[in-house]
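Here is a short tour for anyone who would like to get their bearings before zooming in. Keep the viewer open and follow along.

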Amino acid sequence: MGTVLKVIEKETSGVSFNSHKYCHDTTDRSGIDYDDNKDIVWKEYGETEKLTKPVNLKAAADARRCYPSIFSFFLDGSRHTYKVDDMSFQKNVYPIIAGQIGVGCCERCNLTLQPALLFERKLVIALPDRAFSTDWDGQDQARPLLEKINNNVHLRSYQPIRFNDLLIYDTNKDDKFEKKGIAKIQDYMVELEKQLVADLVAAGKLNESNYLIKDGSLDYQKVSTKKNKNALNLSSEHIRNNYRRVIGVSKSFDPTKCLVHGGGTNSNIIANLKLYERTPAFRYTSSRADADFCIWYLRIRDARYTHSIFDGVLKIEKLIVTEKERVHGIETDDINNITAYLINERNPVCYGADGRWANHLYPIYLTEQYVKSKYLSNDLFIQLF
Amino acid sequence: MSLIGRVIATEKVPTTIDSFCFWTNINLILNPFDVVKVEHINGSKTFAVIEEISHITDSASFLSNFISNDFGDVNTDAPTLRIGMNYAKANVVGNDKNIFIPVQSGQRVYLASRDEVSEALGLADIKNPLVCGYLEMYESSGNDKITLPVNVDSKFLIGPEGAHLNISGISGLAAKTSYAMFLLKAIQDKYLNMEEEDAENDSVAFVVFNVKGRDLLAIDEPNDFEGKTEKAEEVKAKYKMLGLSTKPFSQVKYFYPYSTKTKSNSYAPKELFDKQKQQKKAFQYKFTYEKDKDTIDLMFSNVEDSTQTMAGIINQIVDGQNGFDVISTWPNFIKKLEEQCEAGNTASSKTKEIGVLSWRKFTRHIKKSVYHNPLFNDIDENNGEVRIADKISDIQKNDVYVVDIAKLDSDMQAYVFGNVIRELYNFQLEEKDYSNGKCPPSKIIVFIDELNKFASKDSPKDSPILRQILDIAERGRSLGVVLFAAEQFKSAIHNRVSGNCSTFAYGRTNAIELSNSEYKYIPSVYKNMMTRLKQGEYIVQNPIFRSLLNIRFPEPIQPKRDTGEKPEQQTKRRREPER
C-alpha cells in the first residue's frame, strides 16, 4: 500500500482492503462508448430555413478553401479514472476512485497547432461521504486530509506530484458507488472545460473569425449552485454568451436515440446522408443542461470506406444563445458556413493511429494527443497509492 | 550558442554510450558531420557528430496520407499541417569530463562554438600539426557558421607513427590530384619553415608522378586564375587562413621521358620544356642497358608467369648467363633475344632449360616496350639526359621531383614507376651522403595517381611492381618512404596496400563502389554523402580524428593545366583496360 491510502486510512478511520488497483479506461471497455448517449427528440427546426432534405455543402466548402478556416481553437478534456482500493467505513465497503484530468486547448496559427492558454492537469481522489462521518458534508475534513496527502506524496522526480482536490460522492443506493465516484471526476472535468471556455472569452480570443471546436457534446449537466457556487451552468444567460463562437462536435452518437417528435427515430435520415451532406438543423431542449441546442449531422467520409454506415458522420451542436435564435432558429447561412468550414477540416486523417479516424477531426485529434501526453503513466499513478 | 533541441530517449530507441537522438525545429538546417553539444551530468558537456537527420509525422502509414488527400485527390489542401518533427541521430565523440554514460532524456542540445567543435573533434591539441583542409559547419544556420582549419598529426600521416595516404574518388569530380598537391604543398610549407635543428632529424622530399596530360608539369608556377583577381584573392585568403603560403611549390625538378623529333614521349609543350631546361630544372630520362637491366622484371608486372619461365629468363639476363654477360646496349640485347628465338633452340636440348616458345614470348614483350624506343639508349649528360636512379641518389630535402609518365603506355608507366620506387627504396636503405653540404631527406613522399594500374587486386600475385608497392606499404613507414596514392575505386586496390594506409580521403564516388565490403563500416548516411560531395570536398579518416571529417580544401595555388591530349588520344586511354 502506498502513501496516499495509508494517510486516508489513518485520517478517516477507514480500513483498507488493499484490493486490486486498475484503470477503468484500460479494463472497462465493454459495449460502445458514445460521446453522446441520451435521447434527443427532433422537435422543431433549429435554423431559419425550413429544409426538408439534406443539403450538400461540398461546393460551399470548396469555395472556402482559399480562405483561412474560422476554427482557430480546439478544446479537449479527458480523464483517466482508477479504482485504487476498497475501504470500509462504518462497516460498509466503498470503492476509492482516483483520477487524472487533463483539459487542453490548442490554437491553430499558420496551419500548425500550438498550445493556447495554460494546460490544466488535475489529480483528484473521490471518497464516499461516509469517510467523513463527523462532518455535515465532509468538506471541512476533506481539506486537511488533502493537505496531509500532499505532504506525504513526493515523487522522486523533478517536481513533486500534488493532488488538487478530494471529491466526495454520496452513498445513496441509487447507483453503483464506483459509477458515482467516476461521475464526480467527470463533473470536475466538465467544470474545467467550461472554465477554459470562459477564459478564452475573457481573453477576447473568440470572435466570428475564430471559433472554438469542443470535442464532444456541449450538453453539460446543470450543477446545483448550492453545491457549487462557481458553477458555470449553461442555463444562465451570461454563461451562454460564452458559447456564441463555440460548437461541439461529437464523433459518436447513438443513432437509435435520435427520436422524431411523435415517435420513431430519425436514424434513417442520418444513415442516408451522402458525402458532404448535412441534415436540417433542429432545436433540442436539454433538460440536463437546461438549455436549448441547435443540432445537425454532417457526413465527412464516404460510407464506402467506413465500417458502419454511421462512421464518418459528425454530430454538431451549437448552443442557442439568444431568444431570437430560440424562436426563429439560427441563421441557415451561419450553419452552412460553419458546416462548410467543418467539411474542410476532414483532412488530414488519423487513419491507422486511431480507430475512430472516420469521425475524427485532425486538430481535435492532435489536441487529444497533447492532453494525453501530459498524463502520468497509469503504472506510476497507481503506484502512488 | 543556440539551443536547438532536446534529447529523446524511448524504450525502443534509447540513448547509448555511442549515440543518441534529439529533436529539432523542422526549419533548422543541420548537416551530417555538424557537431552538437549536450548538457550532461555533473555539469559536463557531451559532444556528438550528427550522423542522420529524419523527418517524421504522426501518419501511421502511407495509406493514411493517401486517405488524407480524399483518397487520392492530388489537389487537396488541408487547413492543418500534419504534426511532424525533425530528429537527428548523433554519434558521441567525447565528454569534457570523460563521462560516458548515455546522455539523458530531455537534455538541452546546442550548436557548438568554434573552440568546442575543435575540442569535440580532437583537433584542439594535435601535436605536429599539419593542415589537411578546413571544415565549415552550421553553414545554413545564419550567424553561427564556423570555419575551422583541420590539422592532422604529421607523424600519423607521413610517419613514423602511421604512414601512407589513399585518396579515392571518381575522375574530375573528386579532384584527387588537386587534393594530393594541396597536402604536399602543406607538407613542403611546414618543412620549409621548420627550425634548422628540427630539420636535421626530420626532413622530407617529394617524388610526384605526372600520369595525366600536363597536370603537374608547372607546379612551381603561380596560378593566374584566368585573370580573375577576385577569385585569386579569395583562394589566397583561404591559404592564409590555413596558415599556408600563397606561393607555389619550390625546389621542383621535372623529369621527362626522352623524346626525339620523330617520337614524342611527353605532353609537355616544347616551350615549357625549353624554359624549364634553361632554368636547369628539366631533365630527360633514359634507361641504359648496363645499369637498368636489373629492372627488366618490372616490364612483366602484368604478365602471368605461373611456370616462372619469364622469371627464369630475367635471372639469366641479370646474372649474365647464357651469353648475356657481354651485352652492353639495348639493340644488342634485342639481337641476342632474337637469337634465342630461332628455330631449333628447343627445350629438348639438355643445356637449355627454357623453351624457345618462352623466349619468343619474352622477346615479344620486351620489344613492345624497348624496340626503337628512344627512352632506351645511352645517356648524353651534356644534353640534359639523366638516369632517374642517378638523380634520386642526389635528392635533397624539400626537393620535388616530378616524373612525367603521362604519354607512356601502361606497361611503360608501370616500368618507370617501379623503377623509381625501387631506387627510392634502395636509396632509403643505403647509407646517405651528407658530404659537401648535402642534405638528403629522411623521408620521401611518393605521389602516384591511378594506383589501380600497379596495385590492383587483379594484379598477378608475383607481379614485381606489386611486390615493390607492398614492400613500401608494409615497411615504408619505418624506412621513410611514404606513399600518397590515388585511384578511382578504393575497392580495386590490393587489400594489403589499402590496409596499411593510415589516412583515407574519400572524394565523390558512386553507389556501386560504395556497395563494396570495404565501405561497410561507414554509416549509410555518410556513404550517401560520398555520392554527392562537391569538388573540393572530402571525407577524411585518420587515427587521430575521433570521427570521420567532412573537409574542404582551397583551389590549387599552382596552375591547373589542360590534359594536353587530343580527343582521340583521350578516347584511346579510356578504352585501355585498367588492370
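## A tour of chain B

The C-alpha centres of domain 1 of chain B and domain 3 of chain B are 68 Å apart. Please keep in mind that this is a predicted model. The division of chain B gives domain 1 as residues 3–120, domain 2 as 157–285 + 384–575, and domain 3 as 290–370. The C-alpha trace of chain B spans about 95 × 60 × 45 Å along its principal axes.

Chain B holds 17 helices and 19 strands. It has 579 residues, of which 43% count as buried. Among the contacts in chain B with a separation of 6 or more, 78% are between residues 24 or more positions apart.

**Strand 1 and its partners**

A good place to look up close is strand 1 of chain B, residues 3–8, which runs antiparallel to strand 6 of chain B, residues 108–111. Strand 1 of chain B also pairs in the antiparallel sense with strand 2 of chain B, residues 19–24. The table sets the two pairings side by side.

| Pairing in chain B | Bridges | One facing pair |
|---|---|---|
| Strand 1 with strand 6 | 3 bridges | Leu3(B) opposite Tyr110(B) |
| Strand 1 with strand 2 | 4 bridges | Arg6(B) with Trp23(B) |

As a reminder when you turn the view, side chains in a regular strand alternate between the two faces of the sheet.

**Helix 9, inside and out**

Which residues of helix 9 of chain B are buried? In this helix, residues 330–340, they are Trp330(B), Leu337(B) and Gln340(B). These buried residues lie on the same side of helix 9 of chain B because they cover an arc of only 70° around the axis. Their cover includes helix 7 (289–292) and helix 10 (356–370) of chain B. Turn to the other side of helix 9 of chain B, and you will find Lys335(B) and Glu339(B) exposed.

**Where the chains meet**

Finally, have a look at the contact between the chains, to which chain A gives 18 residues and chain B gives 18 residues. On the side of chain A that touches chain B, the elements giving two or more residues are strand 8 (112–128) and helix 10 (362–373) of chain A. Helix 10 of chain A provides the largest share of that side, with 3 residues. By residue type, the side of chain A that touches chain B is made up of 10 nonpolar, 5 polar and 3 charged residues.

Note on methods. Residues numbered from 1 in each chain as written. Chains lettered and ligands numbered in written order. Predicted model: local features only at pLDDT ≥ 70, side-chain atom pairs only at ≥ 80, totals over all residues. Buried ≥ 20, exposed ≤ 12 C-beta atoms within 10 Å, placed from the backbone. Contact = placed C-beta atoms within 7 Å. Domains from an automatic or database assignment. Nonpolar A, V, L, I, M, F, W, Y, C, P; charged D, E, K, R; others polar. Pairing = 2+ DSSP bridges. Arc of directions from axis to C-beta.
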